[in-house]
Amino acid sequence: MEPKVAELKQKIEDTLCPFGFEVYPFQVAWYNELLPPAFHLPLSGPTLAFLVLSTPAMFDQALKPFLQSCHLQMLTDPVDQCVAYHLSRVRESLPELQIEVIADYEVHPNRRPKILAQTAAHVAGAAYYYQRKDVEADPWGNQHISGVCIHPRFGGWFAIRGVVLLPGIEVPDLPLRKPHDCVPTRADRIALLEGFNFHWRDWTYRDAVTPQERYSEEQKAYFSTPPAQRLALLGLAQPLEEPSSPPPDFPFTIHTPKTPGNPSRARSWLSPRVSPPASPGP
């Protein structure tokens with residue numbers, strides 16, 4: 001790795017890693033080469049970028065302290081706010097550089113995603129993006145099958161949070177880091193994709209590889225709760241009706257809460273001495 005890249009990576013890691021995040025450098029060209037022009041990042045190919053993901057530790061090391069701080073706004077998802085806060089600290093740590101941050105949930109006015117997070121994770125070598133095309137003679141016929149990233153150490157127990165772009169820095173000699181193919185067999189890839197597409201609520205697809213760490217019961221309870229009811233789960237708002245919710249770690253939508261809740265309830269639920277509500281799953 002070039003000294004310039006290593007130094008920048010270290011500064012970003014010093015800002016994010018103590019809070020349960022991981023950082024992986026990549027070239028914009030690697031990302032753009034895999035996508036049609038409509039999804040390209042409008043930067044020169046050698047531009048340096050960093051993929052940011054959260055590990056299971058983020059819940060305790062970043063989200064809980066954030067919720068107990070004065071930073072939380074009641075109109076948007078707490079996890080999105082927490083991640084945005086920590087990504088903004090990357091800008092503060094490198095004030096001499098032009099930095100653009102794109103969160104995984106951001107979209108253009110036409111609703112097209114600003115970043116295809118799983119593609120970015122794959123080209124950065126952070127996690128292998130398993131797709132239907134990776135299964136020879138697949139069994140799904142006309143069914144739509146979405147792909148999913150698997151981390152070599154955390155399996156599916158992680159989330160891609162966004163990318164940090166440095167438009168003024170080009171690294172044409174950055175070595176390509178291939179993601180680890182940790183689900184190499186056809187049968188296991190079929191099981192993974194079917195688990196993700198048809199049974200994501202039971203969490204089992206995340207164990208496609210034996211993980212170093214899983215989400216805690218608190219995290220599972222939180223992410224199993226419909227987005228509009230998560231503030232209520234934390235004691236920050238009354239629950240609202242939500243007809244359905246996307247799979248965990250997909251972009252979340254939070255409705256404006258009707259009435260404030262009891263802050264003491266949030267503090268007690270977030271305490272490690274208090275058991276969380278039971279969550280669905282094995």
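Guide: Two strands are said to pair if DSSP finds at least two bridges between them, and the strands themselves (E, at least two residues), like the helices (H or I, at least four residues), are DSSP runs numbered from the N terminus. The structure is a predicted model, in which local features need pLDDT of at least 70 and side-chain atom pairs count only at pLDDT 80 or more, whereas totals for chains, interfaces and linings use all residues. Residues are numbered from 1 along each chain as its sequence is written, and side-chain values use heavy atoms, with hydrogens and water left out.

Visitor: What makes strand S3 and S6 a pair?

Guide: Strand S3 (residues 100-103) and S6 run antiparallel and are joined by 4 bridges, which satisfies the requirement of at least two. Within this pairing, Glu100 has Leu165 of S6 as its bridge partner.

Visitor: Which sense does the pairing of strand S2 with S6 take, and how many bridges support it?

Guide: Strand S2 (residues 47-54) pairs with S6 in the antiparallel sense over 8 bridges, and Leu53 stands opposite Ile160 in S6. S2 also pairs with S1, again in the antiparallel sense, over 7 bridges, where Phe21 has Ser54 of S2 as its bridge partner.

Visitor: Why is strand S1 called largely enclosed?

Guide: Buried means under 20% relative accessible area, exposed over 50%, and partly exposed in between, with a 1.4 Å probe and protein chains only. In strand S1 (residues 21-27), 7 of the 7 residues are buried, so the strand is largely enclosed by the rest of the structure. Both of its faces are covered, with Phe21, Val23, Pro25 and Gln27 buried on one side and Glu22, Tyr24 and Phe26 buried on the other.

Visitor: How do you know whether S6 is mostly covered or mostly open?

Guide: In S6, 9 of the 12 residues are buried, so the strand counts as mostly covered. S6 (residues 159-170) also gives the largest share, 7 residues, of the largest nonpolar core.

Visitor: What makes that set of residues a nonpolar core, and which members touch the most others?

Guide: A nonpolar core is a set of buried Ala, Val, Leu, Ile, Met, Phe, Trp, Tyr and Cys residues joined through side-chain atoms within 4.5 Å. The largest has 65 residues, of which Phe26, Leu51 and Val164 touch the most other members. Apart from it lies another core, of 16 residues, among them Tyr128, Cys182, Val183 and Val209. Contact, meaning heavy atoms within 4.5 Å, links Leu51 to residues including Val23, Phe26, Ala117 and Ile160, its neighbours within four places in sequence being left aside.

Visitor: Why is the span of helix H4 described as close to the expected one?

Guide: The expected span is 1.5 Å times one less than the number of residues. Helix H4 (residues 78-93), with 16 residues, reaches 23 Å from its first C-alpha to its last, close to the 22 Å expected. At its N-terminal end H4 is capped by Asp77, a side-chain oxygen of which lies 3.0 Å from the backbone nitrogen of Val79.

Visitor: Why is Pro227 called buried?

Guide: Pro227 has a relative accessible area of 2%, which falls under the 20% limit, and is therefore buried. Pro227 is placed in the loop between helix H7 (217-224) and helix H8 (230-233). Although Pro227 and Asp77 are 150 residues apart in sequence, they are 7.5 Å apart in space, C-alpha to C-alpha.

Notes:
Polar contact = N/O pair within 3.5 Å; in protein donor to acceptor, adjacent residues only side chain to side chain.
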